[in-house]
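Colleague: I'm new to this one and would love a close look at a single part of it. Could you take me through the salt bridges and what surrounds them?

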Amino acid sequence: KGFAERCRAAFVARQARPSRMQRQVQSTLSSLGFPVRSEVITDEGYSIDIVATFEGVEIGVEVDGPSHFFGRDPSGPTMFKRRQLRKLGGW
């Protein structure tokens with residue numbers, strides 16, 4: 001495998017561990033009647049916490065707890081992922 005393939009494989013190989021808050025958000029969306037999927041992997045390899053469907057449109061939901069912030073400001077990795085998801089697919 002080439003370097004790019006090894007990098008992508010490492011990027012998508014990490015196991016998601018949904019937080020309790022994420023499970024609660026997913027459960028609430030589901031109980032409201034929204035079809036939901038958890039830990040959806042985009043074509044680019046990013047994991048979206050929850051994808052809910054509303055009127056035929058898929059909506060990505062990132063459940064960012066305290067570890068994603070410094071005070072009230074999102075951390076660098078959180079800002080980067082948000083920016084990438086918006087640019088790559090409008091999530």
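Modeller: Glu62 is partly exposed, because its relative accessible area is 28%, and burial would need a value under 20%. Do keep in mind that this is a predicted model. Glu62 pairs with Lys81 in a salt bridge, with 3.1 Å between the closest N and O atoms. Glu62 sits in the loop between strand 3 and strand 4, while Lys81 belongs to helix 3, so the bridge ties together parts that are 19 residues apart in sequence.

That loop holds a partner for another salt bridge: Asp64 pairs with Arg82, the closest N and O atoms lying 3.2 Å apart. Here too distant parts of the chain are linked, since Arg82 is in helix 3 and Asp64 in the loop, 18 residues apart. The two partners differ in cover: Asp64 is buried at 18% relative accessible area, whereas Arg82 is partly exposed at 31%.

The count comes to three salt bridges, and we still have to visit Arg37 and Glu58, whose side chains meet at 2.5 Å, N to O. This pair joins strand 1 (residues 36–41), home of Arg37, to strand 3, home of Glu58, across 21 residues. Arg37 is partly exposed at 40%, and Glu58 is partly exposed at 41%.

Strand 3 covers residues 57–61 and includes Val57. Val57 is partly exposed, with a relative accessible area of 48%. Together with Phe54 and Ile59, Val57 makes a nonpolar surface patch of about 260 Å².

How values were computed:
Residues numbered from 1 in each chain as written. Predicted model: local features only at pLDDT ≥ 70, side-chain atom pairs only at ≥ 80, totals over all residues. Heavy atoms only, no water. Patch = residues over 30% accessible without salt bridge, like charges linked within 9 Å, V, L, I, M, F, W, Y side chains within 5 Å. Areas by Shrake-Rupley, 256 points an atom, 1.4 Å probe, with all protein chains shown as cover. Salt bridge = Lys/Arg side-chain N within 4 Å of Asp/Glu carboxyl O. Helix = DSSP H or I, 4+ residues; strand = E, 2+ residues; numbered from the N terminus. Buried < 20%, exposed > 50% of the residue type's maximum accessible area, 1.4 Å probe, protein only.
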